[in-house]
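Notebook open, viewer open. I want to write down what I looked up, entry by entry.

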Amino acid sequence: MTQPQARPTEPQTPGLLGDTAQRDYARKLGLFMRFAEPELRQGVALLGLEPGMQVLDAGCGSGEALAWLAEAVGPQGRVVGVDLSTAHIQAARAQAPASVELLCGDLMTLPLPASGLDAVWSSNTLNHFADPLAALRQLATSLRPGGRLAVGQTGFLPEMLFAWDSRLERAVVDGVRAHYRERYGLDEERLTAVRANLGLLRQAGLAQVQAHTFVIERISPLDVATRDYLLEAQFRPLFGDRLRRWLTPQDHAALQRLCDPADPGFALARPDFHYLQTYTVVTGVKA
Ligand SMILES: C[S@@+](CC[C@H](N)C(=O)[O-])C[C@H]1O[C@@H](n2cnc3c(N)ncnc32)[C@H](O)[C@@H]1O
């Protein structure tokens with residue numbers, strides 16, 4: 001078993017979304033993984049893992065998927081997780097099965113297992129790279145010929161958030177886009193590059209490229225994982241003060257009421273709450 005290693009240097013290719021070895025959003029990642037577990041597992045299933053296979057999770061974050069991969073390849077198999085963030089690797093170590101190997105560092109420069117893997121899983125990670133095609137090519141070097149790669153990506157923003165008020169929803173979504181454009185200095189094209197994975201896998205020379213989109217659909221009454229994720233990872237950090245300058249005072253006040261568990265109109269307690277978000281997994285095979 002490889003222990004998490006401290007990484008002394010930052011990635012050579014700077015991340016688009018501000019990732020560093022010191023950055024820690026493990027809690028938010030854990031909330032997301034528990035919320036979207038059913039759809040993420042459907043994505044993992046596309047790898048067709050069998051007992052004894054060797055698989056890499058590139059950008060494993062807080063590591064929930066490592067247990068699912070280990071389950072699929074069994075005790076004779078091998079699971080390796082890689083992540084840049086020391087805190088994320090620590091979170092992954094705390095919960096992944098002991099047999100899972102973890103590597104901490106920039107996957108562009110780390111010595112990844114060479115050419116022998118049966119499968120690579122990478123979820124919500126390619127969009128963090130300034131050069132996602134180079135990252136994809138790097139991941140493909142770990143695969144044996146005939147090995148399978150699956151790249152999962154949630155839609156940039158939910159397809160439906162406030163089912164009863166499309167105008168306010170549009171204003172909020174536009175505000176979030178404006179916030180992210182400013183925060184990360186990204187233009188619209190870079191911000192929405194998450195849609196481009198199909199073309200990237202083809203450009204990277206993978207064969208049999210296919211796309212599969214799962215819909216993360218949640219309706220009231222909400223399960224605990226959905227409530228926790230939406231409240232703690234979206235409503236509280238993103239829809240509060242950060243959006244104030246992008247909304248009219250009336251819309252900002254309406255949004256605050258929707259996001260407040262103590263308010264009678266709290267969105268997540270409404271009987272008509274109906275949430276839709278896509279999760280697209282693009283798969284390919286190394287020629
Ligand atoms: C949004 S998280 C994805 C976590 C999880 N796979 C999921 O499905 O939600 C992106 C992860 O990629 C990692 N990451 C970003 N740049 C990286 C790099 N250059 N090398 C390795 N990991 C990187 C981040 O630290 C973070 O844990």
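What follows are my entries on helix packing, aromatic rings, backbone oddities and a few single residues.

**Entry: model type**

I am working from a predicted model here.

**Entry: α1 against α9**

I started with the pair of helices α1 (residues 26–35) and α9 (residues 224–238). I get an angle of about 145° between them, and their axes are 8 Å apart. The crossing of α1 past α9 is left-handed. On the α1 side I list R27, K28, L31, F32, R34 and F35 as making the contact, and on the α9 side A225, T226, D228, Y229, E232 and A233. Sorted by class, that contact comes out as six nonpolar, one polar and five charged residues.

**Entry: rings**

How many aromatic pairs does a search of the whole structure find? I get ten. I looked at two of them in detail.

F32 with Y229 is edge-to-face, with 5.7 Å centre to centre and 65° between the planes. This pair links distant parts of the chain, since F32 belongs to helix α1 and Y229 to helix α9, 197 residues apart. Both names were already on my contact list for the two helices. Are they buried or exposed? F32 counts as buried at 9% relative accessibility, and Y229 is buried as well, at 8%.

My second pair is F156 with Y180. The ring centres are 5.8 Å apart and the planes are at 65°, so I call this one edge-to-face too. F156 sits in the loop between β5 and α6 (166–184), while Y180 sits in helix α6, so the pair ties together parts that are 24 residues apart in sequence. F156 is partly exposed, with 25% relative accessible area; the cut-off for buried is under 20%. Y180, at 16%, falls on the buried side.

I then followed the ring pairs outward. They link F32, F35, F162, W164, Y229, F235, F239, F273 and Y275 into a cluster. F32 and F35 also appear among the α1 residues in the helix contact, and Y229 among those of α9.

**Entry: arginines over tryptophans**

W164, one of the cluster members, has the charged end of R270 over its ring, 3.8 Å from the centre. I noted a further case at R245, which lies over the face of W246 at 4.3 Å from the ring centre.

**Entry: Q234**

Back to α9, where Q234 lies. Q234 is buried, with a relative accessible area of 9%. What does Q234 touch, not counting residues up to four places away in sequence? I find P158, L161, Y229, F239 and Y275. Of these, Y229, F239 and Y275 are also in the ring cluster.

**Entry: α5**

Why do I call helix α5 (residues 132–140) largely enclosed by the rest of the structure? Seven of its nine residues are buried, so that is how I describe the helix. The buried ones are P132, L133, A135, L136, Q138, L139 and A140. Their cover includes β1 (54–58), β4 (117–123), β5 (143–154) and α8 (197–203).

**Entry: T141**

T141 is in the loop between α5 and β5. T141 counts as partly exposed, at 41% relative accessibility. Leaving aside neighbours within four places in sequence, I see T141 in contact with A114, S115 and K286. I also took the C-alpha to C-alpha distance from T141 to L276: 35 Å in space, for 135 residues in sequence.

**Entry: backbone oddities**

Which peptide bond did I note as cis? The one from S220 to P221, with omega near -5°. P221 is in the loop between β6 (207–219) and α9.

I also noted positive phi values outside glycine. N124 has phi of about 55° and is placed in the loop between β4 and α5. Q208 has phi near 50° and is placed in strand β6. Their surroundings read differently: N124 is buried, with a relative accessible area of 19%, whereas Q208 is exposed, with 57%. The N124 value sits under the 20% limit for buried, and the Q208 value is over the 50% limit for exposed.

How values were computed: Residues numbered from 1 in each chain as written. Predicted model: local features only at pLDDT ≥ 70, side-chain atom pairs only at ≥ 80, totals over all residues. Heavy atoms only, no water. Axes fitted to C-alpha atoms, helices over the stretch in contact; angles between N-to-C directions. Helix = DSSP H or I, 4+ residues; strand = E, 2+ residues; numbered from the N terminus. Left-handed = near helix turned anticlockwise from the far one by under 90°. Contact = heavy atoms within 4.5 Å. Nonpolar A, V, L, I, M, F, W, Y, C, P; charged D, E, K, R; others polar. Buried < 20%, exposed > 50% of the residue type's maximum accessible area, 1.4 Å probe, protein only. Phe/Tyr/Trp six-rings, centres within 6.5 Å; stacked < 30°, edge-to-face > 60°. Lys NZ or Arg CZ within 6 Å of the ring centre and 35° of its normal.
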